[in-house]
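Q: I'm new to reading protein models and would love a slow tour. Could you show me the whole thing, then zoom in on one part?

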Amino acid sequence: MALGSGEQIESSEQIESGGVGPAHWSQPAPAAGLGVKMTLGTVCVAAGLTGLLSFVFLTVAIATDYWYIIDVSDSGYDHGKGWEDLNSHSGLWRICEGRNACIALIDPFGEEIQSVPDSQQHLLFMQKVFVIMLPLSLVLLVLGGIGGLISSLVNGLYLLLFTGSYFLVGGALTLAGICVYVAYSKAAFAIAKRIYGDKLFDNVHIGFSWSMVLACLSCVLEVMSGGLFLLAAKLTASEHQEQSAVI
């Protein structure tokens with residue numbers, strides 16, 4: 001049966017007032033936008049906390065003296081009373097032997113480097129590199145934290161992209177400093193073996209300790225923080241696209 005004109009008008013009014021018209025189709029968008037904002041906030045908070053942990057770990061690592069350890073307790077040689085006091089642990093700035101007080105490492109920028117043989121000058125160069133790179137990475141973490149806070153509050157796409165890339169560069173700098181320290185330690189040990197002979201180092205435990213572990217964790221967390229800021233930038237871009245589509 002065909003509908004009359006009055007019935008058709010009434011049906012059209014019911015459709016629009018009943019919530020199936022085009023005006024109602026765009027109403028779920030605010031709820032979706034709210035979900036994106038909540039997710040964006042969570043990602044920014046996670047990025048900030050990760051960066052803060054990275055800063056704390058790297059600060060502790062740089063300030064402590066357990067990057068490299070030498071343990072002679074299991075050595076099979078009897079070198080007299082107090083031989084085990086030759087156990088040592090060292091950091092970026094000093095070395096501690098047994099129960100003795102810690103002594104500062106040679107200043108790679110001081111005048112005393114002139115007395116270092118040419119065969120060991122490469123050690124001083126590597127020492128210069130890591131004592132510059134690791135503290136510099138710490139400074140970059142502070143600046144990156146400030147930039148991350150601003151970009152999260154402003155919710156700016158390009159600021160978030162810059163902050164994420166900045167943290168990735170900082171993580172690469174930290175990793176480079178750690179690698180240089182590892183190379184420095186291996187080169188110093190090779191020189192010691194050449195001077196004193198391989199036999200002296202039999203059953204002597206030599207390795208890296210918890211300060212190095214903290215530096216490595218800091219590097220990983222710094223990269224994770226950068227990745228989270230880049231994810232926040234992607235979510236921000238998606239939110240802008242949704243807002244444009246609704247308009």
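A: Reading along the sequence, you'll meet the pattern α-α-α-β-β-β-β-α-α-β-α. That includes six helices and five strands, where a helix is a DSSP run of H or I with at least four residues, a strand is a run of E with at least two, and numbering starts from the N terminus. This is a predicted model: local features need pLDDT of at least 70 and side-chain atom pairs count only at pLDDT 80 or more, while totals for chains, interfaces and linings use all residues. Residues are numbered from 1 along each chain as its sequence is written, and side-chain values use heavy atoms, with hydrogens and water left out.

Of the chain's 247 residues, 34% count as buried (under 20% relative accessible area; exposed is over 50%, partly exposed is in between, with a 1.4 Å probe and protein chains only). Now look at who touches whom, a contact being heavy atoms within 4.5 Å. Take the contacts between residues at least 6 apart in sequence: 72% of them join residues at least 24 apart.

Let's zoom in on the largest nonpolar core, which has 33 residues. Such a core is a set of buried Ala, Val, Leu, Ile, Met, Phe, Trp, Tyr and Cys residues joined through side-chain atoms within 4.5 Å. Four helices, α3 (29–63), α4, α5 and α6 (210–246), are the elements that give two or more residues to this core. Who has the most contacts inside? That would be Trp-67, Leu-92, Phe-130, Leu-134 and Tyr-181.

Pick Leu-92 from that group and find it in your viewer. Leu-92 sits in the loop between β2 (88–90) and β3 (94–97). Is this loop residue buried or exposed? Leu-92 counts as buried because its relative accessibility is 1%. Setting aside residues up to four places away in sequence, Leu-92 touches Ile-62, Trp-67, Leu-105, Phe-130, Val-131, Leu-134 and Tyr-181. Phe-130 is a nice partner to check: Phe-130 and Leu-92 are 38 residues apart along the chain, yet their C-alpha atoms are separated by 8.1 Å.

Just before that loop, have a look at Ser-88 in strand β2. Ser-88 also counts as buried, since its relative accessibility is 8%. Its contacts, again not counting residues up to four places away in sequence, are Tyr-68, Ile-69, Ile-70, Ile-95, Cys-96 and Glu-97.

Next, follow helix α4, one of the core's contributors. With 34 residues at 1.5 Å a residue, α4 should span 50 Å, and its end C-alpha atoms are 49 Å apart, so the two agree (the expected span is 1.5 Å times one less than the number of residues). Part of this helix looks outward a bit too: Ile-146 lies in α4, and it counts as partly exposed because its relative accessible area is 47%.

What comes right after α4? It's Asn-155, in the loop between α4 (121–154) and α5 (157–196). Most residues other than glycine have a negative phi. Asn-155 isn't a glycine, but its phi is positive, about 60 degrees. Asn-155 is partly exposed, since its relative accessible area is 24%.
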